[in-house]
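Biologist: Hello! Could you walk me through this model, one question at a time?

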Amino acid sequence: MKATRPGGDLVPIPDCYIQCGNNNTIEMKILPDISDSKSASYSDESIVGRSFPMKSFSHGENRSISWTAHFVNCKEGDAESLLEDLRSIESCVYPDDEGTSTPYSPPPICKIKCGRILGEEELCVIMKSYSVKFPTDVAWDEDTYLPYKFDVDMSFDVVYDSTDLPGSDKIFSDGM
């Protein structure tokens, strides 16, 4: 697969995207830096006559995914599109104001996928945080002041439907 089209425009990577709650899908054109972590908690159970306590499984912690998206302005008009993608990412940590009887709804649930790295299926996630730094050592767009290259660091927690909670057997068979 070629990374660029004739003329230098970056080609979107198939199956590597962030779908924000408003159904805006941000396709990655550069492979993101991804880290995936999960841990299990064990409690100590003291037993008379043992020199050390027994470990008893207590619960699993959140599965957390860090995703650094790299954005590059390659051609005329990219700055506006990149700015729209950035605003869409930023909106994922703010409550939704739908004009319902409650003053605010929670932020949207997003979906992420990057090939088979995180599993066979896309993951439903909540964005816990984002951080963007606008570098000053690269050229920038005159109209938007957006640098021609910038990165957005995001942190997600995976959320599951209670009927679809993964066990260790699903990790081996489905990669969930």
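Modeller: Gladly; what follows is a set of questions and answers on a predicted model.

Biologist: Let's begin with the fold. In what order do the elements of the chain run from the N terminus on?

Modeller: The chain holds 2 helices and 9 strands. From the N terminus on, these elements run β-β-β-β-β-β-α-β-β-β-α.

Biologist: What share of the contacts with a separation of 6 or more comes from residues 24 or more positions apart?

Modeller: A contact here is a pair of heavy atoms within 4.5 Å. Among the contacts in the chain with a separation of 6 or more, residues 24 or more positions apart account for 56%.

Biologist: And the surface: what percentage of the exposed area do carbon and sulfur atoms supply?

Modeller: Of the 176 residues of the chain, 30% count as buried. The chain exposes about 11,400 Å², and the part of this area supplied by carbon and sulfur atoms is 51%.

Biologist: Now the interior. Which element gives the most to the largest nonpolar core?

Modeller: That core has 27 residues, and those with the most contacts inside it are Ile 18, Trp 67, Phe 71, Ile 112, Met 154 and Phe 156. At least two residues each come from strand S1 (16–19), S6, helix H1 (78–90), strand S7 (110–114), S8 and S9. The element that gives the most, with 5 residues, is S9.

Biologist: Let's turn to charges. Which residue does Arg 63 meet in a salt bridge?

Modeller: The structure holds 8 salt bridges. In one of them, the side chain of Arg 63 comes to 2.6 Å, N to O, from its partner, Asp 36. This pair links distant parts of the chain, 27 residues apart: Arg 63 is in the loop between strand S5 (54–60) and strand S6 (64–72), and its partner in strand S3 (residues 33–37) is Asp 36.

Biologist: Why does Arg 63 count as buried while Asp 36 counts as partly exposed?

Modeller: Buried means under 20% relative accessible area, and partly exposed lies between that and 50%. Arg 63 has a relative accessible area of 8%, so Arg 63 is buried. Asp 36 is partly exposed because its relative accessible area is 39%.

Biologist: How far apart are the closest N and O atoms of Lys 128 and Asp 157?

Modeller: The two residues link distant parts of the chain, with Lys 128 in strand S8 and Asp 157 in strand S9, 29 residues apart. Lys 128 counts as exposed at 52% relative accessibility, whereas Asp 157 is buried at 7%. They form a salt bridge, and its closest N and O atoms are apart by 3.4 Å.

Biologist: Which residue forms a salt bridge with Arg 116?

Modeller: Arg 116 is exposed, with a relative accessible area of 65%. Its partner is partly exposed, at 38%. The two side chains meet at 2.9 Å, N to O, and the partner is Glu 120.

Biologist: One more charged residue: how far away is the nearest side chain of opposite charge to Asp 141?

Modeller: Asp 141 lies in the loop between strand S8 (123–133) and strand S9 (149–158). Asp 141 is buried yet has no salt bridge, and the nearest side chain of opposite charge belongs to Arg 87, at 11 Å.

Biologist: Then which residue's backbone nitrogen lies 3.2 Å from a polar atom of the Asp 141 side chain?

Modeller: Leaving aside residues up to four places away in sequence, Asp 141 touches Asn 73, Ala 79, Leu 146 and Tyr 148. The backbone nitrogen that lies 3.2 Å from a polar atom of its side chain is that of Asp 143.

How values were computed:
Residues are numbered from 1 along each chain as its sequence is written. This is a predicted model: local features need pLDDT of at least 70, side-chain atom pairs count only at pLDDT 80 or more; totals for chains, interfaces and linings use all residues. Side-chain values use heavy atoms; hydrogens and water are left out. Helices (H or I, at least four residues) and strands (E, at least two) are DSSP runs, numbered from the N terminus. Buried means under 20% relative accessible area, exposed over 50%, partly exposed in between (1.4 Å probe, protein chains only). Lys and Arg count as positive and Asp and Glu as negative; His and the chain ends are not counted. A salt bridge is a side-chain nitrogen of Lys or Arg within 4 Å of a carboxyl oxygen of Asp or Glu. A polar contact is a pair of N or O atoms within 3.5 Å; within protein, one must be able to donate a hydrogen and the other to accept it, and residues adjacent in sequence count only if both atoms are side-chain atoms. Accessible areas come from the Shrake-Rupley method with a 1.4 Å probe; for residues, only the protein chains shown count as cover. A nonpolar core is a set of buried Ala, Val, Leu, Ile, Met, Phe, Trp, Tyr and Cys residues joined through side-chain atoms within 4.5 Å.
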